[in-house]
Number of protein chains: 2
Amino acid sequence: MIQTELKSSPRQNHLINALPVVEYEHLLPLLELVPMPLGEVLYESGEKLRYAYFPTTCIVSLLYVMENGASAEIAMVGNEGILGVALLMGGETMPNRAVVLSAGYAYRLREYPLLREFERMEGNHGGALLHILLRYIHVLITQMAQTVVCNRHHSIDQHLCRFLLMCLDRLPSYELNITQELIAHMLGVRRESITEAARTLQIAGLINYRRGHITVLNRPGLEERVCECYHVVKKESDRLFPEISQVMPLRPRILTLG
Amino acid sequence: MIQTELKSSPRQNHLINALPVVEYEHLLPLLELVPMPLGEVLYESGEKLRYAYFPTTCIVSLLYVMENGASAEIAMVGNEGILGVALLMGGETMPNRAVVLSAGYAYRLREYPLLREFERMEGNHGGALLHILLRYIHVLITQMAQTVVCNRHHSIDQHLCRFLLMCLDRLPSYELNITQELIAHMLGVRRESITEAARTLQIAGLINYRRGHITVLNRPGLEERVCECYHVVKKESDRLFPEISQVMPLRPRILTLG
DNA sequence: TTCCTTATGTTCTGTAGCGTACAGACAATG
DNA sequence: CATTGTCTGTACGCTACAGAACATAAGGAA
């Protein structure tokens, strides 16, 4: 069954896939496959991290929730990254929430084995994982930086385009299972604004949607309409992980995932 | 002369100050004191980093400048941090600009010796610098995350309060030498909006200003008015660098710098 | 099928902040 | 002093988006 194949390899995560064989094999027995249902909260703000997660087919949002309940997405992490960089940095907790935005799977790693891996590396046994994670942190910082800019200067329409493209980059199909309500929550805007923006995109023939389901019909069209923020992050990501940028040609147009 | 004293020790930078004596003494001969005049551009977007900077008495802004010239501040770095974390992460360049926001001094370190320091550490000679920098990256990420939130949800008034408080945290006095125009550029808003916000604060008796010069009269007042974003970052910073949070009682009320 | 929940659509009003234009005020400089 | 450039103040129409209240429709459950 294709689904089983899809969820069964840690190498679907680009960071893990970038590991040399020796380090990969050392890490493998420590990884545990876990399902990631929509809406699951991996870390609560201020909560001590117990696992790091390497998403394979899911997408996770880092979200700040304000005292009054309003929220904003800080960053989006899928199979290109890792959740729990605070473990590497020694922070233990972060003042934001990690919540599953698109259901799927991830491999998780207990805090303790992860830290032991770093110790091993500092002892000069390679250090590939450390360096890969540092490069990923660079990409993450870039993503956050552009989110700052985007939140300041760009319209909701552009923001939505960026959001959709970022989801596409992390999924194996052109279909997203997500409500406008949830998107609004992520972008920190009203649901009505998303409704309107989505309708604009649908009229332009770029997407098609119905009740919690969005199909992207014309990705190049989205890329034309999106603000520079998306491209800056994409470019930086491709620059730092060149081997990955060729991995996802994404030919199949329709292939629903779970 | 007090000025000379003030600018003369690398330990004025909190990260350097947190180093154990052995590592500090090893780093010392590699550090070069440089003046940081207002407006100086340390790194241009996409430009290869040649130095890392440890500010002592200056403040530097990480700024993204859009294609159309509009801009937004990504993060602010002063004596609590370091510029050039991309060197550690292996990114070499960043898609944003680093520009001096408040004149002063910094110690700089060539790219090459810095990387050699890291190699030394991975060879298990301590690693204090590496771990300190990782903790700082955590704080930096937190700062950026809150800037995302602030840009999305908070008013220009609150944003200005946050900006002023962040400057105060990095300076030895309650006086800032900065024009409204420059603040507007940093926050990514119109100059007129800053004029109005500043006037509001002045009427409330919190600040006093004249042509490129702002005096904070009532810091607690600003702290009451600022959004939670400021406090979240401050708290996280104090948590990760507890020794530092007691360093700056900042008793002297008026003590102009440069 | 019918019902009921959940998702989306519509509309109205209020307002923060933008763009633009220009006026006044301070400070350096010749 | 007078001039000039740099800051700061004021004003006004305009737009994007918030807040709120309610209408409709899709689709799963009974």
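1. Which helix supplies the largest share of the surface near DNA strand C? That share, four residues, comes from α9(A). Here "near" denotes a residue with a heavy atom within 4 Å of the strand.

2. The model is predicted: local features need pLDDT of at least 70, side-chain atom pairs count only at pLDDT 80 or more, and totals for chains, interfaces and linings use all residues. Residues are numbered from 1 along each chain as its sequence is written, chains are lettered from A and ligands numbered from 1 in the order in which they are written, and side-chain values use heavy atoms, with hydrogens and water left out.

3. Of the 17 residues around DNA strand C, those that come nearest are Arg191(A), Thr195(A), Arg211(A), Arg190(B) and Ser193(B). Sugar and phosphate account for 49% of the strand atoms that come within 4 Å of the protein.

4. An N or O atom in the side chain of Arg211(A) is 2.7 Å from a base oxygen of DNA strand C. For Tyr209(A), a side-chain N or O atom is 2.9 Å from a phosphate oxygen of the strand.

5. Between chain A and chain B, about 4200 Å² is buried (accessible area, 1.4 Å probe, lost when the two parts are put together, summed over both). Carbon and sulfur atoms give 63% of that area. The rule finds zero salt bridges across this interface (side-chain nitrogen of Lys or Arg within 4 Å of a carboxyl oxygen of Asp or Glu).

6. On the side of chain A that touches chain B, the largest share, 17 residues, comes from α6(A).

Terms used. A polar contact is a pair of N or O atoms within 3.5 Å; within protein, one must be able to donate a hydrogen and the other to accept it, and residues adjacent in sequence count only if both atoms are side-chain atoms. Helices (H or I, at least four residues) and strands (E, at least two) are DSSP runs, numbered from the N terminus.
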